[in-house]
Amino acid sequence: MKKLLLASTSTLFGESYLDYLLKELESFFATTDTITFIPYARPSGITHDAYTATVQKAFSKINKKVIGLHSYNNPIKGITEAKAIFTGGGNTFMLVHQLYEQNLMQILKEKIETGTPYLGTSAGSNIAGISMQNTNDMPIVYPKSFKTLGLVNFNINAHYMDPNPNSTHNGETRETRIKEFHCFNNTPVVGLREGSYIQVNNQEIKLFGKETARIFLPNQKSYESKSFSF
């Protein structure tokens, strides 16, 4: 029984960290008062302690305690003892590198697949897919593998942005990059816009938020949808 909440972002423009999700998270984590936080993505190079403090400040608003996984001498024990898990955003290459370095990828997958509630934002949502190959991040480190948790049978492109017809930027769009991915891969890709999040209850998948998702399949024209299964 999988219970996942996969968000494009942790913070909407002009709001505080996780504010737009807190009401949902109060219900999502109703069965526990303690959440184990995986801080390995380190946005802007923030320390694990500082990142965990930011998360604790947000979750204190709904009376939840946060334990940083880095505080365990044995992180494998930290995962196996977790009542609920949150992986925050940042650099997906760094996150995946650390999960493999600490021998956590398979253990984390098994823990979540046996029913432990899992929240991901940005990079933390990216790793719920089959691979991390649709991240927007720079490869600042080289992970052992691009293969990730495979909790869903598609990849997520978090922070998906539509082409701006008035932009003077001549670089590739997100859609162009995903088309390049599909020259070599068959994995479906869900472009997840800001403020949108996916809930997974076992095999049931639902999209929440005001925006539709952009769906990409190999050899097909991309399309908008509020629901999807592959």
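Biologist: Leaving aside its neighbours within four places in sequence, which residues is Thr187 in contact with?

Modeller: Keep in mind that we are looking at a predicted model. Thr187 sits in the loop between α7 and β7. Setting aside neighbours within four places in sequence, the contacts of Thr187 are Ile130, Phe154, Asn155, Phe181 and His182.

Biologist: Is Thr187 buried or exposed?

Modeller: Let's use the cut-off: a residue is buried under 20% relative accessible area. Thr187 has a relative accessibility of 16%, so Thr187 counts as buried.

Biologist: And what about Thr168, buried or exposed?

Modeller: Thr168 lies in the loop between β6 and α7. For a residue to be exposed, the relative accessible area has to be over 50%. Thr168 has 74%, so the word for Thr168 is exposed.

Biologist: What distance separates the C-alpha atoms of Thr168 and Glu224?

Modeller: Along the chain, Thr168 and Glu224 are 56 residues apart. In space, the separation of their C-alpha atoms is 25 Å.

Biologist: Let's turn to the sheet. What is the order of the strands in the open sheet of 7 strands?

Modeller: The pairing in this open sheet is mixed. Reading across the 7 strands, the order is β3-β2-β4-β5-β1-β8-β9.

Biologist: Why is one side of β3 and of β9 left without a neighbour in the sheet?

Modeller: β3 covers residues 65-68 and β9 covers 204-208. Each has a single partner strand, so one side of each is left without a neighbour in the sheet. As for the twist, neighbouring strands here are turned against each other, direction ignored, by an average of 20°. The reason you asked for is that β3 and β9 stand at the edges.

Biologist: Which residue in β5 is the bridge partner of Ile85?

Modeller: First find the strands: β4 spans residues 85-87 and β5 spans residues 118-121. These two pair in the parallel sense over 3 bridges. Within β5, the bridge partner of Ile85 is Tyr118.

Biologist: How many bridges join β2 to β3?

Modeller: β2 and β3 run parallel. One of the pairs links Thr34 with its bridge partner Lys65 in β3. The number of bridges joining β2 to β3 is 4.

Biologist: Which residues of β2 are buried on each side?

Modeller: In a regular strand, side chains alternate between the two faces of the sheet. In β2, 5 of the 5 residues are buried, so this strand is largely enclosed by the rest of the structure. Both faces of β2 are covered, with Thr34, Thr36 and Ile38 buried on one side, and on the other Ile35 and Phe37.

Biologist: What angle does helix α2 make with β3?

Modeller: Helix α2, residues 48-59, lies across β2, β3, β4 and β5. Another helix, α5 (residues 105-113), packs on the sheet too, touching β1, β2, β4 and β5 and making about 130° with the direction of β4. For α2 and β3, the angle is about 165°.

Biologist: Which residues touch the most other members of the largest nonpolar core?

Modeller: In soluble globular proteins, nonpolar side chains tend to be buried together. Here the largest nonpolar core has 38 residues. The contacts of Ile198 include Leu4, Leu5, Phe154 and Phe228. The members touching the most others are Ile38, Leu99 and Ile198.

Biologist: Which element gives the most to this core?

Modeller: Several elements give two or more residues to the core, among them β1, α4, α5 and β8. Of the 10 residues of α4, 9 are buried. Those buried residues pack against β2, β4, α5 and α6. With 5 residues, the element that gives the most to this core is α4.

Biologist: Which element gives the largest share of the lining of the largest pocket?

Modeller: The largest pocket has a volume of about 520 Å³. Its lining has 20 residues, and nearest its centre lie Asn136, Glu172, Thr173, Arg174 and Arg177. The largest share of this lining is 5 residues, and it comes from α7.

Biologist: One more: what is the phi of Asn103 near?

Modeller: Asn103 is in the loop between α4 and α5. At 55% relative accessibility, Asn103 counts as exposed. Its phi is positive, in a residue other than glycine, with a value near 55°.

Conventions
Residues are numbered from 1 along each chain as its sequence is written. This is a predicted model: local features need pLDDT of at least 70, side-chain atom pairs count only at pLDDT 80 or more; totals for chains, interfaces and linings use all residues. Side-chain values use heavy atoms; hydrogens and water are left out. Two strands pair if DSSP finds at least two bridges between them. Axes are lines fitted to C-alpha atoms, for helices over the stretch in contact, and angles run from 0 to 180 degrees between N-to-C directions. Contact means heavy atoms within 4.5 Å. A nonpolar core is a set of buried Ala, Val, Leu, Ile, Met, Phe, Trp, Tyr and Cys residues joined through side-chain atoms within 4.5 Å. Buried means under 20% relative accessible area, exposed over 50%, partly exposed in between (1.4 Å probe, protein chains only). On a 1 Å grid over the protein atoms alone, a cavity is a set of points where a 1.4 Å probe fits but cannot get out, and a pocket is an open set with protein on both sides within 12 Å along at least five of seven lines; lining residues have an atom within 4 Å of a point. Grid points are joined across faces, edges and corners, and a volume is the space filled by probe spheres set on the points.
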